[in-house]
Amino acid sequence: MESEIRSVLARIAHPETGRDIAESGMVDSVSAADGKVTVVLRFPKARDPFAARIRMQAEQALKERFPEAQVTVAIKEGAPKQQPPKRESATKSVGKIIAVASGKGGVGKSTVTANLAATLRDMGYRVGILDADIYGPSQPKMFGLEGYAPDAVQRDGMDYIVPARSAEIELMSIGFFIRPDDALMWRGAMATNALKQLLHQTMWGGLDFLLIDMPPGTGDIHLTIISEIRLDGAVIVSTPQQVAVADVVRGVEMFRHEQVKVPVLGVIENMAWFTPKELPENRYYIFGHGGARAYAEQAGVPFLGEIPIVQSIMEGSEQGRPSVSTDPYVEGYYREIAEKIVHNTVEKC
Ligand code: ADP
């Protein structure tokens, strides 16, 4: 009988959306007992102008269908209890999804993401990057893809967005969709919605690894990513002088939080030292030494390795080609770190 009541209600459409009230999740509850039919309709919008009319239509239709019953239709306001079913996320086909995060901006998180992606590609993996750094989406520049305008395509009745591609790395960036001169406040509000689309609708071509370049710190965008998709691990990038500060600790704790439980694959110390060309044996620890290793040990997370300050790293970012592709000295450091990440991902996930 309850399914019959629902099918009677399904014939009533909300005039504003044109969708039937059952499909739109507006039927909050239905019961039929002792000659009584009771229905509660829920209107997501406060003081919906069509509420009274829909209620009357529902009562009439139910009385016609069940003339013997005592029909009551009540109304509530608020978001529907039953959300419409979520579409399947396009990240479902991605092997491992790894967030690259940092406590603060400017520590080299985006540079590390780009070089790690290129290293994993050189190790034979299919790699994609999702650039979610709304404060400074720099991946398009790192791969020479500025100005790329993503295409939309339809597959099986669903809309997808086509990522950019450079040297066999697939790239989707929030930077393709937001205007850099928009105030941060608006960028934040718009970015959350745009990002949800990028997370679920990017048409990745069968990736082994998707690296997500997170915004620095901890905030709404992090929550969106953590709650919308499955993260298989997180990597934290820090400079020596930033590692002990509260931002890094908060970043690690965000992923380890009981309701999140994303494995922290390890900490990378970037800009660890400087070696001048004319003194190749010397290492100058400009920003201090050993902090990241000590922090990792104390926090109980793996230490993945150090990357020195190298001119080719900075130049590679400027020229749209990650330095690991051209400088074997840099490649060596990244290879060691990437191998640990692969190992830790497989082991922990
Ligand atoms: P974040 O994403 O953390 O804000 P970026 O990746 O944009 O930081 O890096 C900030 C700047 O530092 C860039 O100009 C980048 O080229 C430079 N940089 C990052 N890592 C290194 C490094 N190891 N050696 C030299 N320059 C680096």
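These are my notebook entries on a predicted model.

**Entry: the ligand**

I started with the ligand. How many residues surround the ligand? I counted 16 around it, and the closest are Gly106, Lys109, Ser110, Thr111 and Asn270. Next I looked up polar atoms. Gly106 uses a backbone N or O atom, which lies 2.8 Å from an oxygen atom of the ligand. Asn270 uses its side chain instead: an N or O atom there is 2.9 Å from a nitrogen atom of the ligand. Val310 brings a backbone N or O atom to 3.1 Å from a ligand nitrogen atom. I then checked how much of the ligand is covered. On its own the ligand has 560 Å² of accessible area, and the protein covers 80% of that.

**Entry: the nonpolar cores**

I turned to the cores. The largest nonpolar core has 76 residues. Which of them touch the most other members? I noted Leu116, Ile212, Ile225, Leu231 and Phe255. I followed Leu231 further. Beyond its neighbours within four places in sequence, Leu231 is in contact with Ile97, Ala99, Ile212, Ile225, Ile226, Phe255 and Val262. I also found a second, separate core of 20 residues, with Ile12, Val37, Val39 and Phe43 among them.

**Entry: helix α7**

Phe255 led me to helix α7, residues 246-256. Its buried residues are Asp247, Val248, Gly251, Val252, Met254 and Phe255. Why are they on the same side of α7? They are there because they cover an arc of only 155 degrees around the axis. I recalled a general point about spacing. An α-helix has 3.6 residues a turn, so residues three or four places apart point the same way. Then I asked what covers the buried residues of α7. The cover includes β4, α6 (220-228), β11 (233-238), β12 (264-274) and α8 (291-299).

**Entry: helix α1**

I made the same check on helix α1, residues 2-9. Its buried residues are Ile5, Val8 and Leu9. Seen down the axis, they fall within an arc of 100 degrees, so they line one face of α1. I looked up their cover too, which includes β1 (27-33), β2 (36-43) and α2 (51-65).

**Entry: strand β12**

I picked three residues in this strand. Val264 lies in β12. Val264 counts as buried because its relative accessibility is 4%, and the cut-off for buried is under 20%. I compared its place with that of Val252. The two are 12 residues apart along the chain, and their C-alpha atoms are separated by 7.0 Å.

Ile268 is also in strand β12. Is Ile268 buried or exposed? Ile268 is buried, at a relative accessible area of 0%. I listed its contacts, leaving out neighbours within four places in sequence. They are Val112, Leu116, Val235, Ile236, Val237, Ser238, Leu304, Gly305, Ile307 and Ile337. I also noted Ser102, which is 166 residues from Ile268 in sequence but 9.8 Å away in space, C-alpha to C-alpha.

Met271 is the third residue I took from β12. Its phi is positive, about 55 degrees, although Met271 is not a glycine. Met271 is partly exposed, with a relative accessible area of 25%.

**Entry: another positive phi**

Most residues other than glycine have a negative phi. I therefore wrote down Glu168 as well, where phi is near 65 degrees, a positive value in a residue other than glycine. Where is Glu168 found? I placed Glu168 in the loop between β8 (164-166) and β9 (169-173). Glu168 is exposed, with a relative accessible area of 59%.

**Entry: two more buried residues**

Thr91 lies in the loop between β3 (70-77) and β4 (96-102). Thr91 counts as buried, because its relative accessibility is 6%. What is Thr91 in contact with, aside from its neighbours within four places in sequence? I listed Ile97, Leu199, Trp204, Leu210, Ile229 and Arg230.

Ala191 is found in helix α5, residues 184-201. Ala191 is buried, at a relative accessible area of 0%. Not counting residues up to four places away in sequence, Ala191 touches Ile134, Ile174 and Ile221. Last, I looked up how Ala191 sits relative to Leu231. They are 40 residues apart in sequence and 19 Å apart in space, C-alpha to C-alpha.

Conventions: Residues are numbered from 1 along each chain as its sequence is written. This is a predicted model: local features need pLDDT of at least 70, side-chain atom pairs count only at pLDDT 80 or more; totals for chains, interfaces and linings use all residues. Side-chain values use heavy atoms; hydrogens and water are left out. Helices (H or I, at least four residues) and strands (E, at least two) are DSSP runs, numbered from the N terminus. Buried means under 20% relative accessible area, exposed over 50%, partly exposed in between (1.4 Å probe, protein chains only). Contact means heavy atoms within 4.5 Å. The arc is that of the directions from the helix axis to the C-beta atoms. A residue is near a molecule or strand if one of its heavy atoms lies within 4 Å of it. A polar contact is a pair of N or O atoms within 3.5 Å; within protein, one must be able to donate a hydrogen and the other to accept it, and residues adjacent in sequence count only if both atoms are side-chain atoms. Accessible areas come from the Shrake-Rupley method with a 1.4 Å probe; for residues, only the protein chains shown count as cover. A nonpolar core is a set of buried Ala, Val, Leu, Ile, Met, Phe, Trp, Tyr and Cys residues joined through side-chain atoms within 4.5 Å.
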